[in-house]
Amino acid sequence: MKDAINSVLQLVGSLGFLLYGMRLMSDGVQKSSGEKLQRALGALTGNRFKGFLTGLGVTMIIQSSGATTAMVVSFVNAGLLTLKQSVGVIFGANIGTTITAWIVSIFGFNFKISAFAIPVFGVGFFLTLRKNQQSKNIGEAVMGFGALFLGLAWLSDVFSFDPSELGFLASIQNLGVLSVIISFFVGFVITALMHSSSAFSAIVITMAHNGIVTWPVAAAMTLGSEVGSTIDAVLASLGTNADARRAALVHVFFNLVGTTLALICFRPFLALIEYISGDANLAIRISILHTVFKTINSCIFMPFISQLVKITYIFIKDDKNVDDSVYHLEFSENLIGKDNPPAHIIRLEKEVSDMSGIAFEMFTIIENGFNNRNTEFIEKDFVRLEKKENYCDQMNEAILRYVVNMESLSLTEVQRNELSKLTQISDELEAMTDECATMGFLIKRSIEKNMKFETEDINLLFPYLLMAKDFVQFIKDNVNKKITIPQFKYATELEAKIDQQKNYLKKTARKHIEGGADVKSGLMYIDFVRHIEKLGDHAYAVAELLT
């Protein structure tokens with residue numbers, strides 16, 4: 001009894017150290033290069049293969065498909081990724097997570113792990129003592145690497161007894177199909193509880209290496225862990241929008257359908273793995289199973305991404321009672337993570353980019369409205385302008401609240417400066433939309449009062465509008481970039497031209513008024529020109545913030 005209790009305690013302790021090492025390594029890698037990894041996810045195009053490779057690479061680096069998939073779900077919820085873009089990433093993440101099994105099977109049993117695990121842990125610790133934050137993050141990752149193998153060494157010691165001592169385990173392994181089913185559910189439940197298929201794979205590989213479980217049982221447990229690993233995506237999708245929940249469903253569907261097919265063809269599937277692995281040991285064979293299963297699954301599903309997305313719409317309906325005129329930007333530590341400021345910043349950058357797009361749309365409406373000046377503008381376009389301006393007001397307020405909420409996170413000085421810049425840009429963009437709304441009101445009033453403008457004034461205004469439009473387009477294209485010196489020079493020259501042209505247009509309009517032109521029309525024209533110039537001032541302020 002005493003030995004049994006001691007073995008259980010040793011198992012719990014070694015397993016805890018293994019999990020701690022994996023988390024420390026993953027967190028250290030994410031902190032040291034997390035922003036680049038997340039920007040790689042956030043900058044994806046609709047290319048399914050690019051998404052696949054990105055998901056594969058990111059997960060191989062951070063050693064956690066759960067973390068990658070949870071990140072993807074949060075990005076879909078924030079609108080940084082479309083549902084279709086996320087599918088390829090999820091497929092790649094599923095293959096990328098097999099790297100841990102390969103590390104364990106290749107390095108874990110070929111020599112005495114503790115001989116290098118303890119020194120590696122020590123090196124990592126001393127790196128964390130440095131003042132440089134990047135060194136501290138790398139140190140955490142190195143410590144995690146050492147702790148992972150130290151926990152694996154202790155785990156191997158726990159399972160170093162004679163398998164015949166566990167009679168009940170032997171009886172479970174000799175029940176034919178029932179053995180496979182029981183082993184599958186054991187893998188599913190334990191992985192769901194541990195929130196890590198990689199950690200459970202390390203346990204299965206260790207038990208198989210020490211002869212505790214047979215090859216078929218180890219294979220069934222591994223397949224069960226594939227389904228259990230979806231728990232992180234499911235939890236990350238709670239409280240999110242419909243598309244984010246659909247992304248989580250894709251992850252579940254991918255693993256559930258794949259494991260079902262593998263279980264139906266269990267014996268032929270194992271025969272395939274045995275053929276591929278040849279004379280390799282059982283640890284390598286399990287790693288091959290892990291990778292081959294994910295790869296075959298991805299090859300089956302990759303051509304049918306569009307169809308898979310459509311299936312998710314059957315199970316998860318669109319969100320009800322969603323008012324497009326009301327802006328939503330909710331801050332949630334649980335969804336993106338308290339120790340993940342870069343993901344929050346990327347989300348804010350996306351919102352600011354959307355606001356710049358709305359500002360450009362509004363100015364295009366103004367340009368067309370002044371060119372045509374008919375009742376359709378009052379009935380349709382002016383209403384659209386008001387809605388967009390109100391929406392941008394909501395955006396600016398929500399972005400400010402979001403930044404205030406981020407004060408509770410562990411922010412670096414660079415991140416605080418980035419947040420300050422984003423709030424200032426948001427303010428300037430909101431001011432640009434205010435100018436557009438004011439110009440829309442002036443156009444509306446000129447139509448209602450049937451005002452006539454001098455032909456020369458109209459002809460001079462068209463190139464002026466184009467200059468301003470180019471400036472708004474420039475801001476839209478570069479709002480989340482650091483602009484170059486030539487680009488800033490272009491912005492400076494454009495702003496100077498707008499100022500210079502404003503003075504000329506106002507001077508010309510005053511001459512027409514003095515010459516007998518309609519005073520009210522002339523003054524409204526001058527007012528309209530002034531607001532275009534003010535819009536240019538706000539655009540230049542954004543350009544200065546982007547330098």
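Mentor: Let's begin with one definition: a helix here is a DSSP run of H or I with at least four residues, and helices are numbered from the N terminus. Keep in mind, too, that this is a predicted model. With that naming, G176 can be placed in the loop between α8 and α9.

Trainee: Thanks, that helps. Is G176 buried or exposed, or somewhere in between?

Mentor: The general idea is a scale with two cut-offs: under 20% relative accessible area is buried, over 50% is exposed, and the range between is partly exposed. G176 has 42% relative accessibility, so it counts as partly exposed.

Trainee: What separates the C-alpha atoms of G176 and P216?

Mentor: Here you compare two distances, one along the chain and one through space. G176 and P216 are 40 residues apart along the chain, and their C-alpha atoms are separated by 9.6 Å.

Trainee: And which residues make the nonpolar surface patch?

Mentor: A patch is built from residues with over 30% relative accessible area and no salt bridge, and nonpolar side chains are joined within 5 Å. In this model, L175, V177, L178, I181, F185, F188, V189 and L193 make a nonpolar patch of about 750 Å². L175 sits in the loop between α8 (167-172) and α9 (177-194). Its relative accessible area is 42%, so L175 is partly exposed.

Trainee: Now some helix packing. At what angle do helix α4 and helix α16 pack?

Mentor: The angle is taken between N-to-C directions, from 0 to 180 degrees. For α4 (residues 83-96) and α16 (residues 305-315), the angle is about 110 degrees, and the axes are 10 Å apart.

Trainee: How should I name the way α4 and α16 lie to each other?

Mentor: Angles of 65 to 115 degrees count as roughly perpendicular. That is why α4 and α16 are described as roughly perpendicular to each other. As for handedness, α4 passes α16 in a right-handed crossing.

Trainee: At what angle do the axes of α18 and α19 cross?

Mentor: They cross at roughly 160 degrees and come within 10 Å. Anything over 145 degrees counts as roughly antiparallel, and α18 and α19 are therefore roughly antiparallel to each other. Their crossing is left-handed.

Trainee: What lies in the loop between α18 and α19?

Mentor: R373 is found there, between α18 (341-372) and α19 (375-405). When you read backbone angles, look at the sign of phi and at the residue type together. R373 is not a glycine, and its phi is positive, near 45 degrees. With a relative accessible area of 28%, R373 is partly exposed.

Trainee: And what is the phi of N450?

Mentor: N450 has a positive phi of about 55 degrees, and it too is not a glycine. Look for N450 in the loop between α20 (413-448) and α21 (455-478). N450 is exposed, because its relative accessible area is 52%.

Trainee: Let's turn to charges. How many salt bridges does a search of the whole structure find?

Mentor: The rule is a side-chain nitrogen of Lys or Arg within 4 Å of a carboxyl oxygen of Asp or Glu. The search of the whole structure finds twelve. One of the pairs is D354 and K350, with an N to O distance of 2.7 Å. Both residues belong to helix α18 and are four residues apart, about one turn of the helix. D354 is partly exposed at 29%, and K350 is partly exposed at 21%.

Trainee: How are R384 and D381 placed in helix α19?

Mentor: They are three residues apart, which means about one helical turn separates them. Their side chains form a salt bridge of 3.2 Å, N to O. R384 counts as partly exposed at 42%, whereas D381 is buried at 18%.

Trainee: What about K444 and E448, how many residues apart are they?

Mentor: Four, in helix α20, so about one helical turn separates them. Their salt bridge is 2.8 Å, N to O. K444 is buried, with a relative accessible area of 17%, whereas E448 is partly exposed at 48%.

Trainee: Finally, which residues are linked in a network of salt bridges?

Mentor: D243, R246 and D318 are. When you see a network, follow the links among its residues in the structure above.

Key: Residues are numbered from 1 along each chain as its sequence is written. This is a predicted model: local features need pLDDT of at least 70, side-chain atom pairs count only at pLDDT 80 or more; totals for chains, interfaces and linings use all residues. Side-chain values use heavy atoms; hydrogens and water are left out. Patches are made of residues with over 30% relative accessible area and no salt bridge: like charges are joined within 9 Å, nonpolar side chains (Val, Leu, Ile, Met, Phe, Trp, Tyr) within 5 Å. Accessible areas come from the Shrake-Rupley method with a 1.4 Å probe; for residues, only the protein chains shown count as cover. Helices (H or I, at least four residues) and strands (E, at least two) are DSSP runs, numbered from the N terminus. Buried means under 20% relative accessible area, exposed over 50%, partly exposed in between (1.4 Å probe, protein chains only). Angles under 35 degrees count as roughly parallel, over 145 as roughly antiparallel, 65 to 115 as roughly perpendicular and the rest as oblique. A crossing is left-handed if the near helix is turned anticlockwise from the far one by less than a right angle, and right-handed if clockwise.
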